Amino acid sequence: MKLNIDTTGKTFTVTRAATEKREQSQNGREGRQKTDRNTDELLWTVQVMALDETGGEVINVTLAGNAMPKVNVGAAVNPVELEAMPWATNGKNGVAFRAKSLNQQAAGKAA
């Protein structure tokens, strides 16, 4: 199940630059870079802080594309088509976040 997130009234700030999203291997080492099942594009992860009037939360947002997303730490961004996907595997659970893109905001412009 994918849930669309309304980002109105929220600000998003990059807290860690883009990194390759890697598969986990059986021996605990990182494997090859993951790709999107439908498009075969490479997957990347960008850590952002989401903030609104109730507080903030740090989330990892997955992006697909054959080039590393160009976002700088501290940059204000707007997630495009941000989705939350609840997951459960091997007794663990959480929420994964994915966006079509992270558009960098012009300097001095709030979300």
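**Notes on the sheet, pockets and salt bridges**

1. A good place to begin is Asp36, which counts as buried because its relative accessibility is 9%, below the 20% limit for that class. Please keep in mind throughout that this is a predicted model.

2. Which residue forms a salt bridge with Asp36? The partner is Arg98, and the closest N and O atoms are 2.5 Å apart. This pair links distant parts of the chain, since Arg98 sits in strand E9 while Asp36 lies in the loop between strand E4 (30–33) and E5, 62 residues apart. Arg98 itself is partly exposed, with a relative accessible area of 23%, so a buried acid meets a partly exposed base.

3. The count of salt bridges comes to three, so two others deserve a look alongside the Arg98 pair. In one of them, the side chains of Glu20 and Arg22 meet at 2.1 Å, N to O. Glu20 is partly exposed at 33% relative accessibility, and Arg22 is also partly exposed, at 33%. You may want to look at that 2.1 Å value in the model yourself.

4. The side chains of Arg32 and Glu23 also meet in a salt bridge, at 3.5 Å from N to O. Here Arg32 counts as exposed, with 53% relative accessibility, because the cut-off for that class is over 50%. Glu23 is partly exposed, at 29%.

5. Now to the sheet. It is open and has eight strands in the order E1-E8-E9-E6-E5-E2-E7-E10, with mixed pairing. Strand E1 (3–4) and strand E10 (101–104) stand at the edges with a single partner strand each, so one side of each has no neighbour in the sheet.

6. Strand E5 is a helpful guide to the pairing. E5 is mostly covered, seven of its ten residues being buried. On one flank, E2 runs antiparallel to E5 and is joined to it by seven bridges, with Thr19 opposite Thr45 in E5. E5 also pairs with E6, in the antiparallel sense over ten bridges, and Val48 stands opposite Ile59 in E6. Two residues lie between E5 and E6, which form a hairpin.

7. How many bridges pair E6 with E9? There are two, and the sense is parallel. Val61 stands opposite Phe97 in E9.

8. The largest pocket has a volume of about 1500 Å³. Its lining comprises 35 residues, of which Lys21, Lys34, Leu43, Thr62 and Ala96 are the closest to its centre. Strands E2 (11–20), E3 (22–24), E5 (43–52), E6 (55–64), E8 (83–89) and E9 (92–98) each supply at least two residues of this lining. E9 gives the most, with five residues. By class, the lining of the largest pocket has ten nonpolar, eleven polar and 14 charged residues.

9. The second largest pocket holds about 190 Å³ of space. Among the residues that line it are Ile5, Phe12, Leu51, Asp52 and Leu82, and E5 and E6 each supply at least two. Two residues from the strand pairs above return here: Ile59, which stands opposite Val48, and Phe97, which stands opposite Val61, both belong to the lining of the second largest pocket. Its lining has seven nonpolar, two polar and three charged residues.

Note on methods:
Residues numbered from 1 in each chain as written. Predicted model: local features only at pLDDT ≥ 70, side-chain atom pairs only at ≥ 80, totals over all residues. Heavy atoms only, no water. 1 Å grid on protein atoms, 1.4 Å probe; cavity = no way out; pocket = protein on both sides within 12 Å on 5 of 7 lines; lining within 4 Å. Points joined across faces, edges and corners; volume = space filled by probe spheres on them. Helix = DSSP H or I, 4+ residues; strand = E, 2+ residues; numbered from the N terminus. Nonpolar A, V, L, I, M, F, W, Y, C, P; charged D, E, K, R; others polar. Pairing = 2+ DSSP bridges. Buried < 20%, exposed > 50% of the residue type's maximum accessible area, 1.4 Å probe, protein only. Salt bridge = Lys/Arg side-chain N within 4 Å of Asp/Glu carboxyl O.
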